Amino acid sequence: MPENKTRDTVILGSGCSGLTAAIYAARANLKPLVLEGHEPGGQLSITTLVENFPGWPNGIQGPELIENMKQQATRFGAELTMAHLVSVDLSRHPYVLNLGANREPIHTRTLIIASGASARWLNLPSEQALIGHGVSSCATCDGFFSSGKDIAVIGGGDSAMEEALFLTRFARSVTLINRTANFRASRIMLERAMAHASIKFLPSTVVEEVLGVEQKDVRGLKLRNTVTGERSELPVQFMFLGIGHIPNAKMFDGQLDLDPDGYILTQGNVFPAHNGQPVPGVFACGDIQDRRYRQAITAAGTGCMAALEVEKWLEEHGR
Ligand SMILES: Cc1cc2nc3c(=O)[nH]c(=O)nc-3n(C[C@H](O)[C@H](O)[C@H](O)COP(=O)(O)OP(=O)(O)OC[C@H]3O[C@@H](n4cnc5c(N)ncnc54)[C@H](O)[C@@H]3O)c2cc1C
């Protein structure tokens, strides 16, 4: 491939971190290419009202916020393409992005990894149909909407306990539902949750169906006891998943330093490394490197930082 076909930058992911990076890189005249991936628009595209993104006093629908970001990025020259990174060899620069069979590989001097961390779902059809209508995987984001309601939190680890405790600020009651008899959360988190008057525990229980698909609003859960096989219904109006996230960084395993759960480890928010050494022209932003905050605004913030670092890197190393 001739050198002039090598891109200045490619952005992996079209969630709010990737699109913010695209806005900044496009305004710096870098003509970024955004690979949209398996979930165009990222996690905000599957949610409904976003009330905590600054600048929208009455909130904004997640898909609309994402559409606005896309328009803002393309207005300045960003290109978006429906493609998924299959593999890349980060030991050879410029990087050649392999997009799988029937797709030309893409050559790039810099790479912004904004591939996010997908929430784990139960993958029940009724659950999927009610995401954004009483089913959520983000307590920080949607807790407010559960005010005065009876809710369920699925999971038995620390994140489920943390969500349950947080949600007691809003909900009338919180029922923690766990597949196994033992909740694997740390003792301190478990004790805190057990000591809370509004939290009930339902061990050895699985959700078979979320009720309310026709009404587009959660009305309850069909449950099964995994020991006795007994079935029951729990009348709740909200269900939160607290069973973790899957970072979309498998293709960088062995090439970038990852934490034990597979998140990209970064210095200064956006600088990944391999065996502690910087990787030339590669930056990471958003949820893929942030297991702590996981918010649209923090993802957008690090997306901005990654694009500014790309600009600096190209100035120093040549375009
Ligand atoms: C139900 C729900 C409600 C939420 N509500 C709020 C809220 O109200 N307020 C708030 O601030 N935050 C909210 N969040 C959190 C917020 O959505 C995330 O913090 C934010 O989307 C993270 O942005 P991101 O760009 O880092 O990753 P994501 O949004 O996860 O986007 C990742 C992108 O990477 C792409 N991708 C993945 N792998 C590849 C690959 N191999 N090749 C190419 N592309 C790839 C995907 O297709 C996707 O486009 C919510 C999240 C959920 C799940």
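**Exercise 1. Find which strand strand 20 is joined to in this predicted model, and work out which strands stand at the edges of the sheet.**

Solution. Start with strand 20, residues 271-274: two bridges join it to strand 21, and the two run antiparallel. One point to look at along this pair is alanine 273, which stands opposite proline 278 in strand 21. Next, place the pair in its sheet. Three strands make up an open sheet in the order 19-20-21, with antiparallel pairing. Strand 19 (266-267) and strand 21 (277-278) each have a single partner strand, so these two stand at the edges, and one side of each is left without a neighbour in the sheet.

**Exercise 2. Check the span of helix 7 against its number of residues, then state which of its residues are buried and what covers them.**

Solution. Helix 7 covers residues 296-317, which is 22 residues. The expected span is 1.5 Å times one less than the number of residues. For helix 7 this gives 32 Å, and the end C-alpha atoms are 31 Å apart, which agrees.

Now turn to burial. A residue counts as buried if 20 or more other C-beta atoms lie within 10 Å of its own. In helix 7 the residues that are buried are Ala296, Ala299, Ala300, Thr302, Gly303, Met305, Ala306, Ala307, Glu309 and Val310. The cover over these buried residues includes strand 1 (7-12), helix 1 (16-27), strand 3 (49-50), strand 8 (106-113) and strand 22 (282-284).

Last, look just past the helix: glycine 318 has a positive phi of about 90°.

**Exercise 3. Describe how domain 1 and domain 2 are placed and how they touch.**

Solution. The domain assignment of the protein chain gives domain 1 as 3-119 + 245-317 and domain 2 as 125-241. Their C-alpha centres lie 32 Å apart. As for contacts, six residues of domain 1 are in contact with six residues of domain 2. On the domain 1 side, the touching residues are two nonpolar, three polar and one charged by class.

**Exercise 4. Describe the shell around the ligand and explain why the ligand lies between the two domains.**

Solution. First, take the residues: 41 of them surround the ligand, and the closest are Gly15, Gly37, Gly42, Gly116 and Gly286. Helix 1, helix 4 (139-142) and helix 7 are the elements that give two or more residues to this shell. Then sort the shell by class: 17 residues are nonpolar, 19 polar and five charged. Finally, bring in the domains. Both domain 1 and domain 2 give residues to the shell, so the ligand lies between them.

Conventions: Residues numbered from 1 in each chain as written. Predicted model: local features only at pLDDT ≥ 70, side-chain atom pairs only at ≥ 80, totals over all residues. Helix = DSSP H or I, 4+ residues; strand = E, 2+ residues; numbered from the N terminus. Buried ≥ 20, exposed ≤ 12 C-beta atoms within 10 Å, placed from the backbone. Contact = placed C-beta atoms within 7 Å. Near = placed C-beta within 6 Å. Nonpolar A, V, L, I, M, F, W, Y, C, P; charged D, E, K, R; others polar. Domains from an automatic or database assignment. Pairing = 2+ DSSP bridges.
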